[in-house]
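Biologist: I am new to this structure and would like to go through it slowly, one question at a time. Could you show me the model before we begin?

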Amino acid sequence: MPAPIRLRELIRTIRTARTQAEEREMIQKECAAIRSSFREEDNTYRCRNVAKLLYMHMLGYPAHFGQLECLKLIASQKFTDKRIGYLGAMLLLDERQDVHLLMTNCIKKMQMLWFTTRDENQNDVVLKCFATCWTKSYSNICLQAALCAVHVIRKVPELMEMFLPATKNLLSEKNHGVLHTSVVLLTEMCERSPDMLAHFRKLVPQLVRILKNLIMSGYSPEHDVSGISDPFLQVRILRLLRILGKSDDDSSEAMNDILAQVATNTETSKNVGNAILYETVLTIMDIKSESGLRVLAINILGRFLLNNDKNIRYVALTSLLKTVQTDHNAVQRHRSTIVDCLKDLDVSIKRRAMELSFALVNGNNIRGMMKELLYFLDSCDPEFKADCASGVFLAAEKYAPSKRWHIDTIMRVLTTAGSYVRDDSVPNLIQLITNSVEMHAYTVQRLYKALLDDISQQPLVQVASWCIGEYGDLLVSGQCEEEEPIQDEVLDVLEGLLVSNLSTPVTRGYSLTAIMKLSTRFSSVNRIKKVVSIYGSSIDVELQQRAVEYNALFKKYDHMRPALLERMPIMEKSASNGPTEIVQTNGETEPSANDLLDLLGGNDVPVIQTSMPTKPASAGGELLDLLGDLSLSGTPDGRISLRVPSNLPLTRRHLSVWQTFQLQLLSPSSNVVPALNQGTVTQVIRVLNPQKQQLRMRIKLTYTHKGTAVQDLAEVNNFPPQSWQ
């Protein structure tokens, strides 16, 4: 069989392929030749063939059929064969392959071969050679052993303790490679075991000493990188110190001084120094460091913001965003630099700067920060407008110096980015305007002018339509600061919204309702009637329904129109309609949504007076017999007792009160009401009534009678005045 081509020739041939199909054909042809060579047990060219397989594997082609050949190369006596065999085993094998068991046994046998040979002369030679090389290769052996230990711990953390005795001695080595791998090993052990973390905290002084020697040492060509002594080792030590000092006062105190030295003595003109400073900042922020040291760390991040490298600026903004809550005042000093980052061309830096700017907003700088953020909102890309508008809304709501400033700010956002605001911005602004009684005339004037300028921002148009409908009389009554419009001009604007192609169905609904409300505020009632009647046949179902209802209001209930269309009262932010219900099952309170309509529906609910017993209404005769003597009695402290003529096992008790009340149900004295008035079941209900309103309560009892679930509903509305006054 002819000799196979060399690896260099294969690489040169593959690179001449013009298409992927041509390259695939070359690879398949060479793989077929390699398989034939493997079947013939050709030991001469096995090393060359495995090397070519590794190159094909790097190109992404399958090379699994060479796994056993790697094992044979490892067992060879030639150094070149062993080297390629080990390299192939690293690339082609993993723990899911059965061949790796054979590989492990082969490696063990080779390690023991040095000491198991029976030839005394050979043993003597081997030991002498090993003793000669020990001083030269000991550091490299320790380095590789530590790296191996790291991988073992990652795979099997339970074997961590077996490396504990040797790990301590590695830190006393002079070789930087051994120190580096030992720090990596310590970091891995501390991250995976709290016990190891507590055990290695006593090594903090030794790590501080190593780091100090690195900083104070002179020029060393072997370890120097851009004028800094072994920055890789420094970064690793700083990461380990960050883990050891977290949530530990003593360890943090021991490393404060060295961290200050690193922060002040490291050169920042090169990226190497910036990397060390960044790790120093992270360490200072994670441990329990002194306040002055934390300010120094934030100042370093502030200098990073002035760097020309975009990656460094992004890292600085991200780090400041994480620390702004704990060191707010220190970050505030760099506010102007952070705001300047909003003008950066990089999208990621813009977003981080925007998030950090909102985090810096407080009551003292709200006006200046909002000015910058609104300017950013005007010029930013569409992808930022939604988040920026939401941030402005939240900041203005929290820190607004006055209601007028608040309204102006929200209107500015709606004018600039109205199409990007969140859905609840319209009702929130309407609520804000409603509650600002003294600002009604000013607000309706501003919104009317905004409508004249632009009707493309639908949230702004909806708010303006609502305000004109509510306060249109203020717009034309001369209470505005500028020249007021006449009634027909206002109606022209609203009618224009109804026919505009830019208006959404929701906006048209707002406009039609506003026109209807103006029928009680303007004198042009006939014109408003005509407009409303036109949309009674609109193809928009919602708009048609509104128009039909408004027409009915004009024709049948015109005497009620002024009362129905009067101004909205001041809105409570947390207001909700309807009563609050508490459902209790055998002493445990739970919510019940399905029973709420039954509990509150209809006017046929029997009213039970607390001063005299009555019979509740019931649909079935058995229920009347069962609850014929049902009675409720009340006392001034709010206690209610229920009596029935036969044993009544209660499975559920529903209580409903209006929103102004709050209830607390205590456990009942029993879950079964004794028969024939032989006993009572008493349950204490604590009622919180801050507005001193008359107590009203609806009670629904759920029980089982002859295997059938029965419900009964009653209302108690005649509590003694002493219980609620």
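Biologist: Is helix H3 mostly covered or mostly open, and how many of its residues are buried?
Modeller: Keep in mind that this is a predicted model. Helix H3 spans residues 46-58, and among its buried residues are Arg46, Asn49 and Lys52 as well as Val50, Leu53 and Leu54. H3 is thus a mostly covered helix, and the number of its 13 residues that are buried is 10.

Biologist: Which helices are included in what covers the buried residues of H3?
Modeller: The residues to be covered include Cys47, Ala51, Tyr55 and Met56. What lies over the buried residues of the helix includes H1 (7-15), H2 (20-39), H4 (67-74) and H5 (79-92).

Biologist: Which helix gives the most to the largest nonpolar core?
Modeller: The largest nonpolar core has 143 residues, and those with the most contacts inside it are Phe200, Ile237, Met370 and Val463. With 10 residues, the helix that gives the most to this core is H25 (residues 458-476).

Biologist: Is tyrosine 399 buried, partly exposed or exposed?
Modeller: Tyrosine 399 lies in helix H21 (residues 382-399), and, leaving aside residues up to four places away in sequence, tyrosine 399 touches Val361, Asn362, Gly363 and Ile366. Its relative accessible area is 26%, and buried would require under 20% while exposed would require over 50%. Tyrosine 399 is therefore partly exposed.

Methods:
Residues are numbered from 1 along each chain as its sequence is written. This is a predicted model: local features need pLDDT of at least 70, side-chain atom pairs count only at pLDDT 80 or more; totals for chains, interfaces and linings use all residues. Side-chain values use heavy atoms; hydrogens and water are left out. Helices (H or I, at least four residues) and strands (E, at least two) are DSSP runs, numbered from the N terminus. Buried means under 20% relative accessible area, exposed over 50%, partly exposed in between (1.4 Å probe, protein chains only). Contact means heavy atoms within 4.5 Å. A nonpolar core is a set of buried Ala, Val, Leu, Ile, Met, Phe, Trp, Tyr and Cys residues joined through side-chain atoms within 4.5 Å. The expected span of a helix is 1.5 Å times one less than its number of residues.
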